[in-house]
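Me: I would like a close look at one part of this model, the pairing of charged side chains, with the surroundings explained step by step. Please go slowly, since I am new to reading structures.

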Amino acid sequence: MRDGNFIEVFEPLYFRRQLTTEYGIRYSLPLLVLLPVSVAIWWIVIGRALSPVEVLRQEIASRDSRNLSPLVLKNCPAELAPIVASVNRLVECLRTALVRERAFTAIRAHELKTPIAGARAQMQRLSAELPEGSGKERARGIVQSLSSLSDRVEKLLQLAQAESGIGAADYSNDLLKAVRLETEDYGKKSQYADRLILNADGCRSFRRNIDMDAFGILVGNLVENALKHSPPHTPVVVSVRPDGEIAIANEGPVICPKNLEHLRKPFRRGATPAAGSGLGLHIASLVIEKIGGSLELASPRRGRDDGFEAIVRIPQCSGTPT
């Protein structure tokens, strides 16, 4: 046209395709470069924004019957502060309830055991004063029944303590002292005299965040089980190793592997004439579960062809962190 403009009626299709390809490549290349950078930036930003939530999730997941310490989060966002406060209140209420339950169990244990012990002492005195005859035999039978009742009450109270969650502690204790105390207590009993052998393998201390009463219940039941169900006058070896393993081994016939796990169940006893309630290994299993360790039952003993061995393994991280 005269003014310098022109009217385009048509153009070749290859020319349009060429322009489309050229502009597509020109604008796509920057997008391909910027897209991964944008994704990485957003990933970092979102990850940093959600990191307090992940820390809170991990802290809540770590709380169980062995760890009831309050949640402590540094630089906690204001949005998460109410959740932390609510969880801490809940944990504190649970801790208080467990402490009260354990205290209640201990008080009731004392109230039950004291009258039984008093009645047994009175019957023992009466038995000693009676002349030989049927009356004295009946008195001896009553003393034996009261002794059995006292042992059964003790086991039931230990079972209540184990089921209440006793196990972990907020501070570390030297568990080797508890092992020595239990072996000395059983060694002082006339029927078990000179049978217990403590082998510490040079282990001077054995510190874990475990309640001493709970550990005493655990070791006491295993030692008593070994003494009762092994042949009379045979030794029972208690071994403590620095790696966190405690083994109680005794002589006796081999137990079928199928029956070993059944011994963990309540009121289950093996083929033994010894008196017992069938709760010792069950209580030990409950306590070791609360502690966070493991209890292995082996028959025959390791390195021998006979006997029975209870192996307790307690990792370094057991219990609540100090």
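Reply: A good place to begin is the pair Lys 228 and Glu 224, whose side chains meet in a salt bridge with 3.2 Å from N to O. Please keep in mind throughout that this is a predicted model. Both Lys 228 and Glu 224 belong to helix 5, which runs over residues 212–229, and they are four residues apart, which is about one turn of the helix. As for their surroundings, Lys 228 is partly exposed, because its relative accessible area is 25%, while Glu 224 counts as buried, because its relative accessibility of 13% falls under the 20% limit. The general idea behind such a pair is that side chains of opposite charge can pair when their charged atoms come close.

A second pair can be read in the same way. The side chains of Glu 22 and Arg 26 form a salt bridge of 2.8 Å, again taken from N to O, and these two residues both lie in helix 1, four residues apart, or about one turn of the helix. Glu 22 has a relative accessible area of 36% and is therefore partly exposed, and Arg 26, at 46%, is partly exposed too.

Helix 1, which covers residues 13–61, also holds Trp 42, a residue that counts as exposed because its relative accessibility is 57%. Trp 42 is one member of a nonpolar patch on the surface, together with Val 37, Ile 41, Val 45, Ile 46, Leu 50 and Val 53, and the patch has about 670 Å² of accessible area in total.

Returning to charged side chains, Arg 301 forms a salt bridge with Asp 306, and their closest N and O atoms are 3.1 Å apart. Here Arg 301 is buried, because its relative accessible area is 9%, whereas Asp 306 is partly exposed, because its value is 26%. Salt bridges can also share partners, and in this way Arg 241, Glu 245, Glu 296, Arg 302, Glu 309 and Arg 313 are joined into one network. The count of salt bridges in the model comes to 14.

One member of that network, Glu 309, deserves a slower look. Glu 309 lies in strand 7, residues 308–313, and it is buried, because its relative accessible area is 6%. Once its neighbours within four places in sequence are left aside, Glu 309 is in contact with Ala 247, Ile 248, Ala 249, Glu 296, Leu 297, Ala 298, Arg 301 and Arg 302. The C-alpha atoms of Glu 309 and Asn 250 are separated by 6.4 Å, although these residues are 59 residues apart along the chain.

Helix 5, where we began, also takes part in the packing around helix 4. The buried residues of helix 4 are Leu 175, Leu 176, Ala 178, Val 179, Glu 182, Thr 183 and Tyr 186. Seen down the axis of helix 4, these buried residues fall within an arc of 160°, so they line one face of the helix. They pack against helix 5 and against strand 1 (168–174), strand 2 (196–199), strand 3 (207–210), strand 4 (236–241) and strand 5 (245–250). The length of helix 4 can be checked as well: at 1.5 Å a residue, its 13 residues, 175–187, should span 18 Å, and this agrees with the model because the end C-alpha atoms are 18 Å apart.

Technical notes:
Residues are numbered from 1 along each chain as its sequence is written. This is a predicted model: local features need pLDDT of at least 70, side-chain atom pairs count only at pLDDT 80 or more; totals for chains, interfaces and linings use all residues. Side-chain values use heavy atoms; hydrogens and water are left out. Patches are made of residues with over 30% relative accessible area and no salt bridge: like charges are joined within 9 Å, nonpolar side chains (Val, Leu, Ile, Met, Phe, Trp, Tyr) within 5 Å. Accessible areas come from the Shrake-Rupley method with a 1.4 Å probe; for residues, only the protein chains shown count as cover. A salt bridge is a side-chain nitrogen of Lys or Arg within 4 Å of a carboxyl oxygen of Asp or Glu. Buried means under 20% relative accessible area, exposed over 50%, partly exposed in between (1.4 Å probe, protein chains only). The expected span of a helix is 1.5 Å times one less than its number of residues. The arc is that of the directions from the helix axis to the C-beta atoms. Contact means heavy atoms within 4.5 Å.
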